Amino acid sequence: GQSFPAQARDGNTLVFVARDVPAFGHAVYFPETNSCPSDGIALRDGGNRYDITTPSLTLQINKTTGAIARLYSKTAKWNVFGAARDADALELLGDSGSAWNIRYTGTDQILTNAGATVSVVDDGPVFVRVRVARTVGKSSYTQDVTVYGALPRVDVPTTVDWQEEHE
C-alpha cells in the first residue's frame with residue numbers, strides 16, 4: 001500500500017487526508033509509526049507575516065492585523081484577492097434596533113485594522129493552522145486559518161463571543 005503523512009492535532013486526534021475514496025464507498029487506512037514525506041506544506045516566518053506554501057497555493061498572513069494579505073493559486077496562476085490586503089475582514093454595521101428589529105444606521109467599521117494576537121497553533125506535515133484572536137469592545141472573535149498540503153483550499157472557521165448592544 002501507499003504511505004501518507006499523519007499529524008497529531010491534540011492528544012486524541014490524528015489528522016490525515018484520505019485519498020481516492022470512491023463516492024458512496026469507503027477506503028481503509030492503517031496508522032503506522034514509519035515516517036513518510038509531508039504533503040508539501042511549508043510555513044515560513046517572513047518577518048511581518050507568515051508565508052504558507054503548498055503545491056497548489058501560497059498564502060500570506062499579516063502578523064500585526066491577522067489579515068490574509070495574499071492568496072495565490074498556483075494552478076490557476078491567479079492572485080485571488082488582487083490588491084486587497086485584508087481579505088478575511090469582518091465588518092461591523094451600525095444598528096440602533098433590537099434583536100428582532102434591525103435599524104441600520106449607515107455606519108460601518110472594518111474589524112481587522114486593530115491589533116490582533118497571531119500565533120501558529122499547528123505546523124506539521126499535513127496542515128498548518130494560524131490562530132488570529134481579536135477583541136472589539138467587550139466582544140472577541142477568533143479565526144483559525146487552516147491550510148492542508150494535499151487540498152487546494154483554505155479553511156477559516158470563526159468563533160465569535162459577541163457582547164455588544166446595537167451593533
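**Strands and salt bridges in a predicted model**

The chain comes out with 14 strands and 0 helices. What we have here is a predicted model, and read from one end of the sequence to the other, its pattern is simply β-β-β-β-β-β-β-β-β-β-β-β-β-β. Along the principal axes, the C-alpha atoms take up a box of roughly 60 × 35 × 30 Å. Of the contacts between residues at least 6 apart in sequence, 37% bring together residues at least 24 apart.

On the surface side, the chain exposes about 10,300 Å², with carbon and sulfur atoms supplying 51% of that area. Buried residues account for 31% of the 167 residues. As for charge, there are 15 positive and 19 negative charges in the chain, and the mean positions of the two sets sit 7 Å apart.

Side chains of opposite charge can pair up when their charged atoms come close. In this chain, the count of salt bridges comes to 8. One of them is formed by R44 and D51, whose closest N and O atoms are 2.6 Å apart. The two partners are covered to unlike degrees: R44 has 47% relative accessibility and so counts as partly exposed, while D51, at 7%, counts as buried because the cut-off for that label is under 20%.

Then there is D144, which turns up in a salt bridge with R129 at 3.6 Å, N to O. D144 belongs to strand β12 (residues 139-148) and R129 to strand β11 (residues 127-136), so this pair ties together parts that are 15 residues apart in sequence. Both ends of the bridge are covered: D144 is buried, with a relative accessible area of 11%, and R129 counts as buried at 14% relative accessibility.

D144 also meets R131 in a salt bridge, this time at 2.7 Å, N to O. Here the link again runs between distant parts of the chain, from D144 in strand β12 to R131 in strand β11, 13 residues apart. R131 has 30% relative accessibility, so it counts as partly exposed.

Which residues make up the wider network of salt bridges around this spot? D122, R129, R131 and D144 are the ones linked. D122 brings in another strand, β10 (residues 117-123). With 8% relative accessibility, D122 counts as buried. A polar contact of 2.4 Å joins the side chain of D122 to that of R129. Setting aside neighbours within four places in sequence, D122 is in contact with R129, F127 and V128, and also with Q7 and R9.

Put together, the network holds two aspartates, D122 and D144, and two arginines, R129 and R131. On the aspartate side, D122 is buried at 8% and D144 is buried at 11%. On the arginine side, R129 is buried at 14%, whereas R131 is partly exposed at 30%.

How values were computed: Residues numbered from 1 in each chain as written. Predicted model: local features only at pLDDT ≥ 70, side-chain atom pairs only at ≥ 80, totals over all residues. Heavy atoms only, no water. Helix = DSSP H or I, 4+ residues; strand = E, 2+ residues; numbered from the N terminus. Buried < 20%, exposed > 50% of the residue type's maximum accessible area, 1.4 Å probe, protein only. Contact = heavy atoms within 4.5 Å. Areas by Shrake-Rupley, 256 points an atom, 1.4 Å probe, with all protein chains shown as cover. Lys, Arg positive; Asp, Glu negative; His and termini not counted. Charge placed at Lys NZ, Arg CZ, Asp CG, Glu CD. Salt bridge = Lys/Arg side-chain N within 4 Å of Asp/Glu carboxyl O. Polar contact = N/O pair within 3.5 Å; in protein donor to acceptor, adjacent residues only side chain to side chain.
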